[in-house]
Amino acid sequence: MLKQKRLMVVWLGLQLAFLLLLQEAFTLWVSLIFAALLLTRFATLVYANTSLSLKAVNVIGACVAVALLFNLKQAGVLNFMLQILLLAAVLRLLALRQLFEARQLVWVHYFLIGCCFILHQNMLVALVIITALFANMYSHYLLFAPAGSNLKPANIARATLIILPLWLAMFLLFPRLPPFWQIPTAKVASTGLSDTLDPGSIEQLVQDDSLAFRVEFENGVPERQLLYWRARLYEDFDGRRWQENPLRSGSNYRNVHQGATPAEATLDYRIIAEASQQRSLFALANPWQSSANVNIAPSGLVLATKPVSQRTSYQLSSQLQPVAVLSEQEQQLNLRLPAGNEQTLAFGRQLKAQHPQVPALIDAIASHFRQQPYFYSLTPPLLGANSVDQFLFDSRTGFCSHYASATALLLRAAGIPARVVGGYQGGDWHPEQGYLAVRQREAHAWVEYADQGRWQQFDPTAAVAPQRILSSLDDALSAEQRQLLTSPWQRNALLNNLRQQLMHLDYYWSVWVLGFNDDNQRDLWQQVRQNLQRFAYGLAFITVLALLVVALLWWRRRERPTQPQAYRLLSKTLSAMLRHKPAHQPLSAFLRMLAEQQQNEQRQLLLALITSYELALFNDDAAALSALKQQLKQHRNTLRRLHFSAQNT
Amino acid sequence: MLTQLHHVEQSLNQVILGKPRQIRLALCCLLAEGHLLLEDLPGMGKTTLAHALANSLGLSYRRVQFTNDLLPGDLVGMNIYDTRSQQFHFQAGPVFSQVLLADEINRASPKTQSALLEAMEEKQVSIDGETRPLPKPFFVIATQNPLFHAGTSPLPESQLDRFMFRLSLGFPDHQAEHQLLKHDNNQSRLTLLTEQLNTEQLRALQQQVPQVHASDALLDYLLALVNNSRHRSDMLPLSPRASKAILRSAKAFALLEERSYVSAADVQQVFPYVAEHRLDPASSAQDSRLSQVLLQQTPCQL
């Protein structure tokens with residue numbers, strides 16, 4: 001009785017807390033009704049220790065529900081739902097007589113606690129809600145704990161300690177959906193390639209290990225040499241720094257070729273780009289078709305409609321051929337030569353004189369880089385004003401941006417329109433998860449030159465450091481430089497592995513949860529309709545599997561493995577009688593008592609049973625065990641009909 | 001051989017009337033190669049039991065009345081200088097017998113007690129650096145008087161542990177005592193007891209005891225029982241020696257019942273006599289409260 005009263009007090013307090021917490025959802029008169037109901041309950045508890053009759057509670061409930069229904073339009077659906085929920089809880093409490101009637105109330109309270117978070121996200125209120133949660137857990141304990149158990153602070157502390165890491169992990173790792181009412185926050189620094197390329201900007205990116213984007217290919221991953229992800233075109237050169245031409249950022253997008261499939265081989269893929277706060281996205285070669293959320297610029301670059309502030313996924317289809325030269329103007333744009341770098345210009349002109357044909361000229365440049373002592377390094381020496389001259393003829397040590405920049409200038413000097421392309425090269429292929437992960441460190445720069453009406457691609461880095469293109473950046477660098485790239489915690493294999501797993505997990509989350517939109521849904525339903533039969537088999541299989549698992553769990557729960565088989569067999573058949581067996585009494589002793597009470601035939605049967613039981617259990621006699629099984633099977637019904645009278649003992 | 005043992009049991013029952021249970025337990029203790037501690041008032045038939053056992057099994061029997069001036073040498077014997085042969089020769093003490101009745105063991109000094117208990121455990125004695133084996137079988141029946149504690153040295157728990165069983169014969173019931181009075185020829189009956197089983201046969205029976213089968217399930221039950229006594233404040237914990245003693249005596253009990261396996265009931269039968277004096281050394285032999293508590297609180301799913 002005392003326990004019951006304590007439970008009542010806890011619940012009354014809890015519901016009062018709900019009333020206050022959900023205040024915003026209630027109009028004044030609704031709150032007053034609830035307060036009155038709670039007060040009634042309090043009064044009946046304290047002064048009479050009874051509860052209202054079920055009839056009275058039903059009438060009150062119906063009246064209040066009707067009143068709430070009339071108020072529905074004013075209150076809105078959400079508030080109405082909250083009111084009804086609280087009404088149900090309060091009325092249940094009002095009519096409560098037996099404890100077992102109250103079991104579902106605990107669950108309703110848990111739900112109400114969750115609802116409080118709809119209206120409040122304030123930290124202090126959250127503390128109140130958590131207190132309410134603890135109060136409800138206490139009532140849960142009072143209601144369901146077996147008699148005689150008592151709550152020890154040490155046990156609570158231990159349980160809390162055990163659950164704390166899990167709780168923290170849930171809090172830290174549980175993926176969160178961005179709330180739909182989120183207001184765009186202050187500008188976040190953008191990541192990835194910027195609109196200028198100076199010697200050194202890529203080196204900085206290379207030290208960034210974070211993910212740039214992921215790619216899923218429809219028909220297998222292409223060779224690594226083909227994976228040049230174009231992101232930006234740098235066409236203005238001031239002698240030291242390459243910049244995007246302001247004209248490019250205009251909004252004249254190429255019309256997407258609808259329907260017409262090009263003759264060339266195409267590559268279909270889906271890119272999931274990380275948030276970069278930039279509009280520029282990534283594409284292979286010459287994209288001609290895309291999903292609606294991105295645009296393809298005439299230059300073959302892909303642009304988002306607005307800066308990418310959260311993970312974005314888009315579909316692309318690329319022709320594996322260079323982008324077409326758009327206009328004479330575009331060619332002229334890429335022939336401009338800034339002042340300075342005289343040596344380079346002279347060298348370019350000289351090369352042109354030696355190799356009038358464009359392909360021959362390209363080969364000459366590549367072999368120049370290959371044959372002369374040029375080095376690929378992440379830490380090139382600092383360059384002065386005529387950076388290209390210094391690089392080409394002095395330091396001869398540089399990174400992809402140095403080579404690309406020098407090559408583009410050489411080509412321009414030779415009268416061939418050329419530009420630097422910024423983007424990413426390669427990526428880590430994860431065959432199990434089926435996606436290619438491209439990180440910021442894969443940032444790369446190469447050259448495009450106009451020939452035969454198209455912007456041909458040429459990567460001078462491939463001539464200097466072919467490993468960079470064929471395998472990875474790490475292979476192209478010396479051990480020391482690699483060391484520079486990895487922070488200490490990345491060298492820890494375990495942490496690294498964990499990070500990888502988290503990245504994969506994140507991938508699945510973004511694909512299956514964040515990326516699951518209307519289109520996917522429609523596709524899925526279409527597929528379900530088409531493959532109903534296959535799905536039916538699959539579903540049946542899963543159902544059977546689930547049932548098996550449940551059955552197994554149930555079976556394991558039921559049959560404790562600590563009991564020997566002979567005991568299990570007997571106790572199953574005689575379960576009704578065994579209620580009378582004192583826990584400490586051996587089963588055979590009990591059966592002997594039972595046999596005493598029986599008439600001839602049954603007594604003989606029981607004695608035989610005892611013999612084979614004892615032999616099976618204590619003598620580990622397999623023959624006796626099978627005999628026992630046989631006896632039990634044969635006389636199951638007789639045994640079930642036996643009656644044990646406790647008085648006779 | 002078992003039938004002969006039952007004959008022994010029958011004839012013992014004719015000498016000590018109305019105590020079949022205690023007689024069976026005493027035989028059980030003998031079979032299990034343990035020693036017996038009888039706690040009884042004087043005149044309850046302790047000596048008779050010991051004597052009858054020795055007679056019917058054809059074992060040599062000695063009785064030592066323990067007093068506070070009894071010295072270890074009085075018990076185990078000593079080297080005595082023989083003036084005629086001019087050398088020491090060993091005078092064996094009463095401990096060199098197959099059945100030794102150590103009467104009122106708690107009257108002796110701890111030193112003498114220790115000498116006896118060492119002999120019980122090692123089954124040999126060392127005198128002047130010479131180790132002499134005791135006869136086999138070697139069965140000690142010690143008695144102690146529960147009431148008159150003045151001038152006694154109660155056995156400490158470590159030494160109580162050496163006794164496999166602690167029993168009390170207790171008063172005979174009306175019918176048995178009536179019978180006893182009617183045929184007041186107890187002593188003559190004792191002398192009439194003939195040897196039913198010789199020493200070799202007894203040894204063979206003792207060697208059969210460990211071969212009695214104990215299933216894993218039974219061992220688990222026994223361990224649950226023993227474990228239950230540990231980590232408790234109301235009783236002393238049962239040692240592994242105690243659990244060995246329980247198992248061995250349960251096996252002997254099963255053998256006496258002519259079974260080749262131990263059942264849970266066997267364990268429950270012997271448990272109070274093996275456990276009680278280890279759980280609470282200060283308890284009396286009639287009392288088996290703590291062992292009953294353990295038996296009640298250990299679920300038996302066998």
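Me: Axes are lines fitted to C-alpha atoms, for helices over the stretch in contact, and angles run from 0 to 180 degrees between N-to-C directions. At roughly what angle do the axes of helix α2 and helix α12 of chain B cross?
Reply: Before we start, this is a predicted model, where local features need pLDDT of at least 70, side-chain atom pairs count only at pLDDT 80 or more, and totals for chains, interfaces and linings use all residues, while side-chain values use heavy atoms, without hydrogens and water. Residues are numbered from 1 along each chain as its sequence is written, with chains lettered from A and ligands numbered from 1 in the order in which they are written. Helices (H or I, at least four residues) and strands (E, at least two) are DSSP runs, numbered from the N terminus. Helix α2 (residues 20–31) of chain B and helix α12 (residues 264–279) of chain B have axes that come within 12 Å, and they cross at roughly 80°.

Me: What do we call the arrangement of α2(B) and α12(B), roughly parallel or roughly perpendicular?
Reply: Angles under 35 degrees count as roughly parallel, over 145 as roughly antiparallel, 65 to 115 as roughly perpendicular and the rest as oblique. With axes crossing at roughly 80°, α2(B) and α12(B) are therefore roughly perpendicular.

Me: How many nonpolar residues are there in the contact of α2(B) with α12(B)?
Reply: Contact means heavy atoms within 4.5 Å, and here R21(B), L25(B) and C28(B) of α2(B) meet Q269(B), V270(B) and Y273(B) of α12(B). Ala, Val, Leu, Ile, Met, Phe, Trp, Tyr, Cys and Pro count as nonpolar, Asp, Glu, Lys and Arg as charged, and the others, Gly among them, as polar. The contact has 1 charged residue, 1 polar residue and a nonpolar count of 4.

Me: Which label fits α23(A) and α27(A), roughly parallel or roughly perpendicular?
Reply: The axes of α23 (residues 565–573) of chain A and α27 (residues 622–634) of chain A come within 11 Å and cross at roughly 5°. That is why these two helices count as roughly parallel.

Me: And how many residues of the contact of α23(A) with α27(A) are nonpolar?
Reply: On the α23(A) side we find Q565(A), A566(A), L569(A), L570(A) and T573(A), facing L625(A), L628(A), K629(A) and L632(A) of α27(A). By class there are 2 polar and 1 charged, and the nonpolar residues number 6.

Me: Which helix gives the largest share of the largest nonpolar core?
Reply: A nonpolar core is a set of buried Ala, Val, Leu, Ile, Met, Phe, Trp, Tyr and Cys residues joined through side-chain atoms within 4.5 Å; buried means under 20% relative accessible area, exposed over 50%, partly exposed in between (1.4 Å probe, protein chains only). The largest core has 99 residues, and those with the most contacts inside it include L591(A), L27(B) and F165(B). Its largest share, 10 residues, comes from residues 240–256 of chain B, helix α11.

Me: How many residues does the other core have?
Reply: This core lies apart from the largest one, and L193(A), I202(A), A231(A) and V308(A) are among its members. Its residue count is 72.

Me: How much of the span of residues 77–95 of chain A is helix?
Reply: An unreviewed UniProt entry annotates residues 77–95 of chain A as one of its "transmembrane region" spans; UniProt positions follow the numbering used here, feature names are shortened, and annotations may be inferred rather than shown by experiment. The end C-alpha atoms of this span lie 27 Å apart, strand makes up 0%, and helix makes up 95%.

Me: How much of chain B is buried?
Reply: Chain B has 13 helices and 9 strands. Of its 302 residues, the buried part is 52%.

Me: Is L411(A) buried or exposed?
Reply: L411(A) sits in helix α14 (residues 400–413) of chain A. Beyond four places in sequence, its contacts include L361(A), I365(A) and Y449(A). Because its relative accessible area is 0%, L411(A) counts as buried.

Me: Where in chain B is P137(B) found?
Reply: P137(B) is joined to K136(B) by a cis peptide bond, with omega about -10°. Its place lies between β7 (130–133) and β8 (139–144) of chain B, in the loop.

Me: What is the relative accessible area of E33(B)?
Reply: E33(B) is not a glycine, yet it has a positive phi of about 60°. This residue lies in the loop between α2 and β1 (36–39) of chain B. E33(B) is partly exposed, with a relative accessible area of 27%.
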